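Welcome! Take a moment to look over the sequence and the 3D view, and then we will walk through a few parts together.

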Amino acid sequence: MDETQVMIITGTRKGIGKYLAHYYVSKGFIVIGCSRGEVDYKLSGYQHFCLDVSDEKKVKQMIAKIRKTYGRLDVLINNAGIASMNHILLTPAHTVHNILNTNVVGTFLFCREAAKLMQKNKYGRIVNTSTVATPLKLEGEAIYAASKAAILSFTEIIARELANFGITVNSVGPTPVETDLIRSVPKEKMDNLLARQAISRFGTFEDISNVIDFFIKKESEFVTGQNIYLGGI
Amino acid sequence: MYEKIVNLIIMQAEELNETLENKIPAELGASASLFDGKDGILDSIALVTLIVAVEQSVEDEFETSIILANEKAMSLKNSPFKTIGSLAEYIVILLNEENTNG
Ligand SMILES: NC(=O)c1ccc[n+]([C@@H]2O[C@H](COP(=O)([O-])OP(=O)(O)OC[C@H]3O[C@@H](n4cnc5c(N)ncnc54)[C@H](OP(=O)(O)O)[C@@H]3O)[C@@H](O)[C@H]2O)c1
């Protein structure tokens, strides 16, 4: 593959997605990102779409634009995600819908539409985002963890459905990384959580891109349907 | 519009045929058999590939996105994926719906 690779990253306004957009542009990818809000940065080689990842029409339009502009898509990183700390007895149904829409429906829509474009070249790399909150069974994060458990199942099954098209699908499960997502978790809770990892520290953005680098390598064509947790869970 | 779409599907079918052992009899035009769940010409991978290619070419031709594999299509008794003609009829309906709903 000599030509410049085209990559979509969802949720690029801040946090992990913002880092990934900068990182992959610096590695020579054409990066197309999205989030509900505008981004406060400009990068050559980066284009932004303002959309909600669960909006089917908007997602289709974004991929149609990419198809017309570049005629190809090599990599999709489904990073956009939201969490909400709450005891089940205090969780409004509305919150549940929001989390499932962004984390599950959004990931599904991007995988479906991206795969349609990727299959043209019989090549594609999809990386979804899971979390250690699922295997650690974190209290207060029932819906968030469940939404990411859905991502694991979904990743394993579409890896099989898309294998014939040369598309691999994997997921990366970060430990806590200091972004807005975990800002509201009390310190004591966080310390307990880190103590349950084999390596007890916060994750870094680089820890995550390192795993993604491996999944999206051309040579990783035989790696699919897998999830890698960071931190030794 | 129907004729245009039939031609569009035939073009995509011919392109797909280059990779298929069991070729779509595209020369039969609208009556060419595609997929009937049991012994259609296409296996499911080829059907998926054809549907995606047709979706994209409809999008290019009419500047409107449609989703062929929607709930209605999957539950219709008379599958729109049976023949090239039935698929074209179905696309006409979807395009009309898109245009009236904006
Ligand atoms: N940070 C952690 O400790 C941690 C741990 C494990 C897993 N993760 C996962 O890593 C991913 C990124 O998390 P983060 O820590 O970077 O979170 P973050 O700092 O809160 O950023 C989330 C990003 O997603 C975008 N986003 C949220 N909902 C969206 C929607 N409906 N449509 C489009 N974009 C949306 C946000 O932009 P807008 O608000 O403008 O839409 C923002 O750019 C998530 O999937 C998360 O579950 C994070």
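Which residue in E4(A) does Ile8(A) stand opposite? The partner is Leu76(A). Please keep in mind that this is a predicted model.

## The sheet of chain A

Ile8(A) and Leu76(A) face each other where strand E1 (residues 6–10) of chain A runs parallel to strand E4 (residues 75–78) of chain A, joined by three bridges. These strands belong to an open sheet of seven strands in chain A, with parallel pairing and the order E3-E2-E1-E4-E5-E6-E7. At the edges are strand E3 (46–50) and strand E7 (227–229) of chain A, each of which pairs on one side only. On average, neighbouring strands of this sheet are turned by 15 degrees against each other, direction ignored.

## Helices on the sheet

Helix H2 (residues 56–70) of chain A packs on the sheet, where it touches E1, strand E2 (30–35) and E3 of chain A. The direction of this helix makes about 165 degrees with that of E2(A).

Helix H3 (residues 93–118) of chain A lies across E1, E2, E4, strand E5 (124–129) and strand E6 (167–173) of chain A. Relative to E4(A), H3(A) runs at about 180 degrees.

## A helix in chain B

Now over to chain B. Helix H1 (residues 2–17) of chain B has 16 residues, so at 1.5 Å a residue it should span 22 Å; its end C-alpha atoms are 22 Å apart, which agrees.

Among the buried residues of H1(B) are Ile5(B), Leu8(B), Ile9(B), Gln12(B) and Leu16(B). The buried residues of H1(B) pack against helix H2 (44–62) and helix H4 (84–101) of chain B.

Terms used:
Residues are numbered from 1 along each chain as its sequence is written. Chains are lettered from A and ligands numbered from 1 in the order in which they are written. This is a predicted model: local features need pLDDT of at least 70, side-chain atom pairs count only at pLDDT 80 or more; totals for chains, interfaces and linings use all residues. Side-chain values use heavy atoms; hydrogens and water are left out. Helices (H or I, at least four residues) and strands (E, at least two) are DSSP runs, numbered from the N terminus. The expected span of a helix is 1.5 Å times one less than its number of residues. Buried means under 20% relative accessible area, exposed over 50%, partly exposed in between (1.4 Å probe, protein chains only). Contact means heavy atoms within 4.5 Å. Two strands pair if DSSP finds at least two bridges between them. Axes are lines fitted to C-alpha atoms, for helices over the stretch in contact, and angles run from 0 to 180 degrees between N-to-C directions.
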